[in-house]
There are 2 protein chains.
Amino acid sequence: MDTVGSIGESATLARIFPRLPHADAALLGPGDDSAVVAAPDGRFVVTTDMMIHGPDFRLAWSSPHDLGFKAAASNLADVAAMGARPTALVVALAVPADSPVSLLEGIADGFRDACAELAPGCGVVGGDLSVSETLTIAVTAFGDLEGRAPVLRSGARPGDVVAVSGALGQAAAGLRILFEHGVRDAAALRQAHPEVAAQLAPRPPIADGVLAALAGATAMLDLSDGLALDARRVAAASGIAIDFDAASIGSREALDGGEDHSLLATFPPGTELPGGFRRIGVATTGEGVLVDGVPYESRGGWDPYEGWDGNAG
Amino acid sequence: MDTVGSIGESATLARIFPRLPHADAALLGPGDDSAVVAAPDGRFVVTTDMMIHGPDFRLAWSSPHDLGFKAAASNLADVAAMGARPTALVVALAVPADSPVSLLEGIADGFRDACAELAPGCGVVGGDLSVSETLTIAVTAFGDLEGRAPVLRSGARPGDVVAVSGALGQAAAGLRILFEHGVRDAAALRQAHPEVAAQLAPRPPIADGVLAALAGATAMLDLSDGLALDARRVAAASGIAIDFDAASIGSREALDGGEDHSLLATFPPGTELPGGFRRIGVATTGEGVLVDGVPYESRGGWDPYEGWDGNAG
């Protein structure tokens, strides 16, 4: 079996490069000291996020393809949440020297498929390959605002409609199912429970970020830490309260569960909600998050410094 | 002692943010899903690179300030090597949960001082903080070409002057001194040997990248893997040979040692060399690297998959 250590960095890169998705915005792709990317409106949106073996994923559950797909999807969602169209990614990978080259090929294929499905035209313009005892995937993603103002967390006003596009609590439910059933049957669990796929390879509604901006969204973010916790961030930044309709939300897991990377946005009253957005509440005067008018205090979300049990699988 | 695990992610970030350097190009800084950076010429230059505890540094030798300084400097050099002016960085950090917060504060201060010294006006516009068993620093750096074409590796022509700005072999000499003397007296070694500081906190001539482009450089790269190995890359990309003057180079360590992050560039014959550039050879027809006309075959450079002894310190 070819490993990264046995064939070396150059030969490994030669096997990965052809699998990576091309970016339409790439004026100069991988191979020089830096890439050059088009930024036609004179600005670019940028976000960075790492996935770490252990706190962020287990190899008993996630395939290499899942890892690439999720790393791309979660970063694309941060670009979309600004109302921007994702244009390009750079990817820094650190893997143990005894990793099979097929691990990296699978990760590259996950990036390719996530870009093709979620953000056509977006691709990988550069990267870095290192050795580490801890498998680490660091992604930086770029987007084009196409002349629009970025949609911040701070623009929601009392009376705005609160809406979400994408799943609520599905990724957390998938994680719960994985923990309940142990590590032996992840593939079978995935067939039986779509929530497991939502955890391992989430499919956030990336294109709805631009649609929200075009429809006049006043605030937006991506739900990485759970609806309640992330809504509290919008409420704090905007100086308002967010009151959810319990009937529109469903379960407690939908309020507290993280990692869906769905888009939470606020729109002026009367806005025809674009794309997959559905109404789940209203912005009011006050502070914090409420459900049917009752303050909701549960923290929810995921802090790896507090929540990780130290296992990696 | 406050650790990242004991005070949590939010409180840690609150202590790091004020120490990070401001970027003049930041239209929107840290705190939302993404940052927004100015790209006035409608393009941006981007490069990414990771530093990993073990293969890339030892905590017995490098201070937290060194780590931030070197991570910034090495990425700034990749931007400079395109002939671009560095504008902004994003930084993803993964640290063990029991790391003291002062580790992160020191790293942040290193980023601040590297930007102030090497690329004034450049700053940190965003980041990510994660937990990992392996201390990992992933940097993505951006630059502005200010309307110029990027300086690639492929533009050197026979007859061009080959020149370098910055140290040759100093970082490798520093590493050799550290290995020879062991880990007990890094601070004293650093006082006695400037090469040790060149290894732990290199100071590449970032501003000379733009000066080289303005002077008409035909090819350029930053010397991360050693003069001979990196010159071979320019030669291969340009379809030429590079013949070094032995007297201008000095030691074998100057040819083979990596991590100086100096700038190697080629200029049309007769060019008045800008900034700190000095002539060290000439481009000729043929292929590969020669010294005083004799082919030079030593590989040199640093491949962590082959070269790392597994120790971290």
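**Exercise 1. Find which residue stands opposite A:Arg43 in strand 2 of chain B, and place the pair in its sheet.**

Solution. A:Arg43 faces B:Ala38 in strand 2 of chain B. The model is predicted: local features need pLDDT of at least 70, side-chain atom pairs count only at pLDDT 80 or more, and totals for chains, interfaces and linings use all residues. Residues are numbered from 1 along each chain as its sequence is written, and chains are lettered from A in the order in which they are written.

Next, the strands. Strand 3 (43–52) of chain A pairs with strand 2 (35–38) of chain B, antiparallel, over four bridges. Strands are DSSP runs of E, at least two residues, and helices are runs of H or I, at least four, numbered from the N terminus. Two strands pair if DSSP finds at least two bridges between them.

Then the sheet. Six strands form an open, mixed sheet in the order 5(A)-4(A)-6(A)-3(A)-2(B)-1(B). Strand 5 (123–131) of chain A and strand 1 (26–28) of chain B each have a single partner strand, so one side of each lacks a neighbour in the sheet.

**Exercise 2. Describe how helix 1 and helix 3 of chain A pack.**

Solution. Helix 1 (4–16) and helix 3 (101–118) of chain A have axes 10 Å apart, at about 25°. Axes are lines fitted to C-alpha atoms, for helices over the stretch in contact; angles run from 0 to 180 degrees between N-to-C directions. The two helices of chain A are therefore roughly parallel (under 35 degrees). Residues in contact (heavy atoms within 4.5 Å) include A:Ile7 of helix 1 and A:Leu104 of helix 3.

Technical notes: Heavy atoms only, no water. Parallel < 35°, antiparallel > 145°, perpendicular 65-115°, else oblique.
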